[in-house]
Amino acid sequence: MGSLDDGVSASGSSLPNSMEKFLCDRLLDPSQPISERFRALFSLRNLKGPGPRNALIQATRDSSNLLAHEAAFALGQMQDSEAIPALEAVLNDLSLHPIVRHEAAEALGAIGLESNIPLLKNSLVLDPAPEVRETCELALQRIEELNSGSRDDKSSMTEKSPFLSVDPAGAAPSHSSVDKLREVLLDETRGMYERYSALFALRNHGGEEAVSAIIDSLGAESALLKHEVAYVLGQLQNKAASAVLSNVLRNAGEHPMVRHEAAEALGSIADDQSVALLEEFARDPEPIVSQSCEVALSMLEFERAGKSFEFLFMQTPVVACLQAQLLQVKAQLAQHAMNSHNIDGQWEQNLSGLFHSIPNYPISPQSSLESVEVELNDADAMNMQEIHSLENFSFHGKRPCDSDLGELQAIALRMMRN
Ligand SMILES: [Fe+2]
Ligand SMILES: [Fe+2]
């Protein structure tokens, strides 16, 4: 690719058409490794407009059930009502894997429009998979609560959770005790919505007792509940959960959607044993499980290298703050270099080139589902090859010394953690 298509994407961001096209093509290219396709998916879910939406919709029909379910999930998290007809078609298509239909139902609940009720009611009765029917039950109750105004704590329904996810149920009121929430979560006679509400309240509460209640609920009967529990344990990144999640991943008799969430959660926890286990199960005969492990390992690799798993640099307050710090470091390093007379004009120029490039470096937290403005800044004057070269920290062929990079990466990681 020699030059960029200069047009700006229909998303209205400053993202050039060619970058959007690159991401859509990468998402839909079955010859790409699954982790590369996920990198594109995670970038597209932060964008708006018909291009990203249509690519994600197309991905819900992919032969990789893992990619297809993640695309449906992303459409729900984006709460894009334009995606409703496609999500309805996915939910109605019994030839698709239940994990994909489940995410379509959940996405319809996340979008939360009353017009979705008849279809969800229909699937609640007719879908052959219990996990899909249970999801419809949750989605219907979420929509009902959202539109009835009956809930006192309505903010838990309308706002994103402290973990930036649009949850399938509002968290139970924050004044509920951990003991009470535990009792509800573990009670097999309670409705699924009530148990989910208790789960999210325990997650938001945090602390040892709450985490232990969540871990105990991995013994629940419902595969749907267990998969959400594993997802929540991944959000919490609590090492106390690593043994029980490992057992879930090892259990070939467990529902693949539960094992998939366990694999992703182990990737977030990322202690040495989890990594070894992910490597082992990247060869699991069930593709939903093996691909989950592959993606989790790839995400870890990026994280350990101080790079973002996503392709794009996302402009967030954190990044803006990071940019300010980097400018400060730039000034200090330049001053130091001038003082020590160890650099010639060329090195000074290189240094300046390095810091000029830093703000374009992809750095958003990989778990962020916030809709953020994409700013490619100078990157839209580069071709895709050059954008790739940014990922490798090779700034136009001029590689700064490792200690400078180490320092910059350390700052970046510190900022991301904070
Ligand atoms: Fe799910
Ligand atoms: Fe999932």
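**A tour of the annotated binding site and a surface patch**

Start by selecting His227, which is buried, with a relative accessibility of 2%; the cut-off for buried is under 20%. The model you are looking at is predicted.

Now show the helix around this residue: His227 belongs to helix α13, residues 223-236. Next, display what surrounds the side chain. Leaving out residues up to four places away in sequence, His227 touches His102, Glu103, Tyr196, Met257, Val258 and Glu261.

Add Glu228, His260 and Glu261 to the selection. Together with His227, these residues carry the UniProt annotation "binding site", which comes from an unreviewed entry. The four are spread over 35 residues of sequence, yet they cluster in space, with a largest C-alpha distance of 10.7 Å.

Move on to Glu261, one of the contacts of His227. Glu261 sits in helix α15, which runs over residues 256-269. Is Glu261 buried or exposed? Its relative accessible area is 6%, so Glu261 counts as buried. Apart from neighbours within four places in sequence, Glu261 contacts His227, Ala230 and Tyr231.

Leave the annotated site and select Leu124, Val125 and Leu126. On the surface these residues form a nonpolar patch, and their accessible area together is about 290 Å². Within this patch, pick Val125, found in helix α7, residues 117-126. Val125 has a relative accessibility of 63% and therefore counts as exposed, the cut-off for exposed being over 50%.

To finish, show both stops at once: His227 is buried at 2% relative accessibility, whereas Val125 is exposed at 63%.

How values were computed:
Residues are numbered from 1 along each chain as its sequence is written. Chains are lettered from A and ligands numbered from 1 in the order in which they are written. This is a predicted model: local features need pLDDT of at least 70, side-chain atom pairs count only at pLDDT 80 or more; totals for chains, interfaces and linings use all residues. Side-chain values use heavy atoms; hydrogens and water are left out. UniProt positions are given in the numbering used here, feature names are shortened, and annotations may be inferred rather than shown by experiment. Helices (H or I, at least four residues) and strands (E, at least two) are DSSP runs, numbered from the N terminus. Buried means under 20% relative accessible area, exposed over 50%, partly exposed in between (1.4 Å probe, protein chains only). Contact means heavy atoms within 4.5 Å. Patches are made of residues with over 30% relative accessible area and no salt bridge: like charges are joined within 9 Å, nonpolar side chains (Val, Leu, Ile, Met, Phe, Trp, Tyr) within 5 Å. Accessible areas come from the Shrake-Rupley method with a 1.4 Å probe; for residues, only the protein chains shown count as cover. A salt bridge is a side-chain nitrogen of Lys or Arg within 4 Å of a carboxyl oxygen of Asp or Glu.
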